[in-house]
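Please look over the sequence and the model below before reading on. The paragraphs that follow start from one pair of strands, widen to the sheet, and then turn to charged side chains and the chain as a whole.

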Amino acid sequence: MHMSKQYFQRRPAWQWNQKVLVAALAAAMIIPLTSLAQSDTEEDEGIEGIEEVIVTARRREENLMDVPVSITAFTGEQLELIAATDITYVAQTTPNVTLEVSRGTNTTITAFIRGVGQQDPVAGFESGVGLYIDDVYLNRPQAGILNIYDVERIEVLRGPQGTLYGRNTIGGAIKYVTRRLSTSAEARARFTVGTDAQLDLVLTGSVPLGDTFRIGGSIARFKRDGFGKNLNIAGIDNYSKDILGGRLSAEWEPTDSLFFRLAGDYIDDDSDPRQGHRLTVGNLTGAPILENVYDTRAGLNNPIQSVKAKGVSLLAEWQVNDTFMLRNILASRDDENWSPIDFDSLPSADLDVPVLYENDQFSEELQLVFDGERLSGVAGFYYLDEIGRAHV
């Protein structure tokens, strides 16, 4: 894959053509009138206008346009239209956000918002960007590259989040919000076929078991051959993908004011380990620079990568009255990551780092959300118990 860059030079304002300025002013005067006329026409004909996007950036459901927070939100439909396969696609159209795959895997995330983040995702360091799945904080970047399926929306909150989220993150937060189950039976299937033997398949379904209880889930498989080869180890692709994921949830709504949701998710990444491309000739061996940037000569004693992560959460909501809501989020997660990395990408075993990461976490969060006519806010309690281990 080759990418080209185009450079544009900004011209001084005094060099602008007068006709262009006149046309721009005329357009600025016409556009509002046209928009008003279109709105009236749409209202008369029963056509829907701009879609209202509901977010929970301040721990309550609000219209995106009413939230005084630096936030970018993507609905599930928007993500499907741009063919986004994982959460890193969000960074392509979000200002001041960088989301990249790192640590030689397809599932470890390196995240920066406004220049704040964690460059090397190692155990013992807290990231400056918080990643949340249905308000459950992921304490480590391993298994943080979330594939997009069964998603209602993704919210990107820029800036410190300590006043709104129990786990303070100075750079910002990324919230992955899954869909709630439908009150009627449904089934959906999505598949993608592409080059390099790509075949992605997502199956989703739900069924109500009575008027107040329903269950549903999704299973997804993302598979693709590598863009390059390991020229030193036969049968090992570089930048391949082999991920199996799934979610299962049960929802109970005994009354209009009570809601319970038990959910679990699982990720199994068996892709070949990613290895880098050398930009310089080997100092000792004279190894040349490879023509294909996706090829590698990495030598790995155990060229097997394995990332397994799972989690379970219980959400309880009680709408006490029109002003107060009580919410409790109880969650447990763990993951195990075997990621062999050859930092010099040469057959010699001198900079090989076979690392095993193990992460366990338990979190409890209690929130009191209140919305009055002139005052609104959130108060609560947050507890996190987590252990991160690295074996080299």
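Strand β11 and strand β12 (residues 198-208) run antiparallel and are joined by nine bridges, where two strands pair if DSSP finds at least two bridges between them. Helices (H or I, at least four residues) and strands (E, at least two) are DSSP runs, numbered from the N terminus. Within this pairing, threonine 192 has aspartate 200 in β12 as its bridge partner. The model is predicted, and local features therefore need pLDDT of at least 70 while side-chain atom pairs count only at pLDDT 80 or more, although totals for chains, interfaces and linings use all residues. Residues are numbered from 1 along each chain as its sequence is written, and side-chain values use heavy atoms, with hydrogens and water left out.

The pair β11 and β12 begins the order of an open sheet of nine strands, β11-β12-β13-β16-β17-β18-β19-β20-β21, in which the pairing is antiparallel. Because β11 (186-194) and β21 stand at the edges with a single partner strand each, one side of each is left without a neighbour in the sheet. From one strand to the next the twist averages 10 degrees, with axes taken as lines fitted to C-alpha atoms (for helices over the stretch in contact) and angles running from 0 to 180 degrees between N-to-C directions.

At the β21 end of this order, strand β20 (residues 352-371) and strand β21 (residues 376-391) pair in the antiparallel sense over 16 bridges. These two strands form a hairpin, with four residues between them, and leucine 356 has histidine 391 in β21 as its bridge partner.

The charged side chains give another view of the fold. Side chains of opposite charge can pair when their charged atoms come close. A search of the whole structure finds 21 salt bridges, each defined as a side-chain nitrogen of Lys or Arg within 4 Å of a carboxyl oxygen of Asp or Glu. One of them lies within the sheet, where the side chains of arginine 327 and glutamate 317 meet at 3.0 Å, N to O. Because arginine 327 lies in strand β19 (residues 324-342) and glutamate 317 in strand β18 (residues 306-319), the pair ties together parts that are ten residues apart in sequence. Arginine 327, at 10% relative accessibility, counts as buried, and glutamate 317, at 13%, is also buried; buried means under 20% relative accessible area, exposed over 50%, and partly exposed in between (1.4 Å probe, protein chains only). Elsewhere, salt bridges that share partners join Asp134, Arg214, Glu251, Glu253 and Arg261 into one network.

Two further pairs each combine a buried partner with a partly exposed one. Glutamate 152 forms a salt bridge with arginine 153, the closest N and O atoms being 2.5 Å apart; glutamate 152 is partly exposed, with a relative accessible area of 33%, whereas arginine 153 is buried at 6%. Aspartate 237 forms a salt bridge with lysine 229, with 2.7 Å between the closest N and O atoms; here aspartate 237 is buried at 11%, and lysine 229 is partly exposed at 45%.

Finally, the chain as a whole can be considered. The protein chain has two helices and 21 strands, and buried residues make up 43% of its 392 residues. Of the contacts in the protein chain with a separation of 6 or more, 60% come from residues 24 or more positions apart, a contact being heavy atoms within 4.5 Å.
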